[in-house]
Amino acid sequence: FIVAPTHVSHIQASIICCKRFNLEIRTRSGGHDFEGLSYMSQTPFVIVDMFMLKSVEVDVEDQTAWVDSGSTIGELYYAIAEKSRVLGFPAGVCHSVGVGGHFSGGGYGNMMRRFGLSVDNVLDALIVDSEGRVLDRATMGEDLFWAIRGGGGASFGVIVSWKIRLVPVPEVVTVFRIEKTLEQDASDLVFQWQYVADKIHDGLFIRVVLSPVTRSDRKTIKAKFNALFLGNSQELLSVMNQSFPQLGLVAEQCIQMSWIQSVLFWDNY
């Protein structure tokens, strides 16, 4: 059966009940699950679906937020952007991912070169352990707090909410998307990208996606370069001309927008 808690006491009751009847618990945190681990087990199990718990409380002055595990990354980003144009959070680029699974899996995103992984910016958490106790960072201890940030949170309890550190973003960021096929020297560009991607300006993140395509009835491979730069287009062009001129970026390919708009760009909206 599926439990959709609306209060922490429902999670506590579910854990106690499952222990009594020897049922495993699979936790779903409101988003999607590529591997399907939220929906399968070799023994009888219960799904605790957190999608009803999706509060996001943003403290602009303190530059922190408490976010429930049932929120999606997109809902978190939107709540931050409602309160501030110069604060963001370094998590994933797909807005429909659940916060709970993303954080507990050590999720990364396109601001990680400057601000690290999502879990590097987790300050506290509320978790219900196997005894049904509600613990925060102080009461769970540093070992468990370390383990839930990237060690697979479903192994250690049900995480109710997370306290995160928000990060500064400029009012204007710049994005670009450039596609090259093998016939347009995609191989050489990807080769060069591998040598500069980790050394380039820390405000610039470039992701390359390779995919098969057909051009003029001929099968080939396409390399798509997606980029986010934490600054304006003039700064970006200067960085690219110095560090990765082979890509041939020009001003017309640079799109300036707010950070929250760049979330939609990266998710192909």
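This passage describes a small parallel sheet, the helix beside it and some surface residues in a predicted model. Residues are numbered from 1 along each chain as its sequence is written. Local features need pLDDT of at least 70, side-chain atom pairs count only at pLDDT 80 or more, and totals for chains, interfaces and linings use all residues, while side-chain values rest on heavy atoms, without hydrogens and water.

Three strands (DSSP E runs of at least two residues, numbered from the N terminus) make up an open sheet with parallel pairing, in the order β1-β3-β2. Pairing here requires at least two bridges found by DSSP between two strands. The edge positions are taken by β1 (2–3) and β2 (24–28); each has a single partner strand, so one side of each is left without a neighbour in the sheet. Two parallel bridges link β1 to β3 (residues 45–49), and Ile-2 is found opposite Ile-47 of β3. Helix α1, residues 8–20 (helices are DSSP H or I runs of at least four residues), packs on this sheet and touches β1, β2 and β3, a contact being heavy atoms within 4.5 Å. The direction of α1 makes about 150° with that of β2; axes are lines fitted to C-alpha atoms, for helices over the stretch in contact, and angles between N-to-C directions run from 0 to 180 degrees.

Turning to accessibility, Leu-210 belongs to strand β12 (residues 204–215) and counts as exposed because its relative accessibility is 55%. Ala-81, in helix α2 (residues 73–83), has 23% and therefore counts as partly exposed. The classes are buried under 20% relative accessible area, exposed over 50% and partly exposed in between (1.4 Å probe, protein chains only).

Note on methods: Patch = residues over 30% accessible without salt bridge, like charges linked within 9 Å, V, L, I, M, F, W, Y side chains within 5 Å. Areas by Shrake-Rupley, 256 points an atom, 1.4 Å probe, with all protein chains shown as cover. Salt bridge = Lys/Arg side-chain N within 4 Å of Asp/Glu carboxyl O.
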